[in-house]
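Here is a short set of questions and answers on charged pairs and strand pairing. Have the structure open as you read.

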Amino acid sequence: MGISESGTFTRGQATVFTSIEELGQLTRAMRKAGRPVALVPTMGALHEGHLALVKAAHSIPGALVVVSIFVNPLQFAEGEDLDAYPRTLDADVEKLKSVGADAVFAPSPREMYPNGPRTTIHPGEVGRILEGEHRPTHFAGVLTVVNKLFQISHCDHAFFGEKDYQQLILIQQMVTDLNMGITIHGVPIVRLQDGLALSSRNQYLSDQEREISLTLSAALTAGAFVAEEGADKVLSIAREILAASPEIEVDYLELKGADLGEAPERGEARLLVAARVGSTRLIDNVSLPLGIGFKNIDGEGNSASPVQ
């Protein structure tokens, strides 16, 4: 049985582990006892969106729920906010206790990369579009650390938010292509009542910038509501709303298929946006029934509203 820094482990108490070996002792023992391991990878600065992932992980019967907190230097390019990224481990652990997480893996960069970033995973074509076009080294860093966390935690299940939709698609691709035998679960975006998608980066926003940032979800929602009228209408309506807020610097607004391939004429699609509000870069997305429309779904398995 793995033992934490404090020398004890009690389920549901968000026991902190900083050593790969100690966490491995715990997760190997659980697997040997027939208990599944459910991993929730995060970079900390936890909010209700992260806690929704932990709650979803608890849906796996008998699972040991492990939450990793690691600000991964590999996924930040030069000039991005690695040093400024919020680090709030004590507060994060208290939040994880409140939702019954079993273990918290909080390694140092030296623990994760003792030999530096020598071996990385190439994300392929899907990693070159959208976020990959604007942050070309980002997804190699994401997939590398996620792969390491999968190996370290010996997980059977892993939970990721749909807000980072391209990341979710690429992680599923990696698991499939590399025969990892791990079930990937996507969890819907958690939003505040006004539609703002929860993000650790929201805390960078001033009050005025936060108000402006609501334009992103408003544009996605408006685009989704005209899904029945096809791709051109979806994009033109969303662009119109974004253009009405010149303070927003849009990196991209794109309509893709659910797999991030070409959008279908009729079927499930994804409308994705990335933009800067002040110095803060935000991303958001929404699922929509392209060429069908929400009012015509009638049990086709999609949500009845464009805001998840």
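The turns below go through salt bridges and then a sheet, all in a predicted model.

Q: How many salt bridges does the structure hold?
A: The count covers side-chain nitrogens of Lys or Arg within 4 Å of a carboxyl oxygen of Asp or Glu. By that cut-off, the structure's total is 15.

Q: Is the salt-bridge pair Glu162 and Arg270 buried or exposed?
A: Glu162 and Arg270 form a salt bridge, with their closest N and O atoms 2.9 Å apart. The two are 108 residues apart and link distant parts of the chain: Glu162 sits in the loop between strand E5 (157-161) and helix H7 (165-177), Arg270 in strand E8 (residues 267-277). Buried means under 20% relative accessible area. Both Glu162 and Arg270 are buried.

Q: Is Glu21 buried or partly exposed?
A: Glu21 forms a salt bridge with Arg28, the closest N and O atoms being 3.2 Å apart. Arg28 has 40% relative accessibility and counts as partly exposed. Glu21 has a relative accessible area of 44%, so Glu21 is partly exposed.

Q: Which strands hold Asp251 and Arg281?
A: The side chains of Asp251 and Arg281 meet in a salt bridge at 2.8 Å, N to O. This pair links distant parts of the chain, 30 residues apart. Asp251 lies in strand E7 (residues 248-257), and Arg281 in strand E9 (residues 280-290).

Q: Which of Asp251 and Arg281 is buried?
A: The limit for buried is under 20% relative accessible area. Asp251 is at 21%, so it counts as partly exposed. At 14%, the buried residue is Arg281.

Q: Which residues are linked with Asp251 and Arg281 in a network of salt bridges?
A: Asp251 and Arg281 meet in a salt bridge. They also belong to a network of salt bridges. The other members are Glu80, Glu131 and Arg135.

Q: Which strands stand at the edges of the sheet E7-E8-E9?
A: Three strands form this open sheet, and the pairing is antiparallel. Each edge strand has a single partner, so one side of each is left without a neighbour in the sheet. The edge strands are E7 and E9.

Q: Which residue in E9 stands opposite Ala275?
A: E8 and E9 pair in the antiparallel sense over eleven bridges. Ala275 has its opposite residue in E9. That residue is Leu282.

Q: At about what angle does helix H9 run to E7?
A: Helix H9 (residues 231-243) lies across E7, E8 and E9. Its angle to E7 is about 165 degrees.

Definitions and conventions. Residues are numbered from 1 along each chain as its sequence is written. This is a predicted model: local features need pLDDT of at least 70, side-chain atom pairs count only at pLDDT 80 or more; totals for chains, interfaces and linings use all residues. Side-chain values use heavy atoms; hydrogens and water are left out. Buried means under 20% relative accessible area, exposed over 50%, partly exposed in between (1.4 Å probe, protein chains only). Helices (H or I, at least four residues) and strands (E, at least two) are DSSP runs, numbered from the N terminus. Two strands pair if DSSP finds at least two bridges between them. Contact means heavy atoms within 4.5 Å. Axes are lines fitted to C-alpha atoms, for helices over the stretch in contact, and angles run from 0 to 180 degrees between N-to-C directions.
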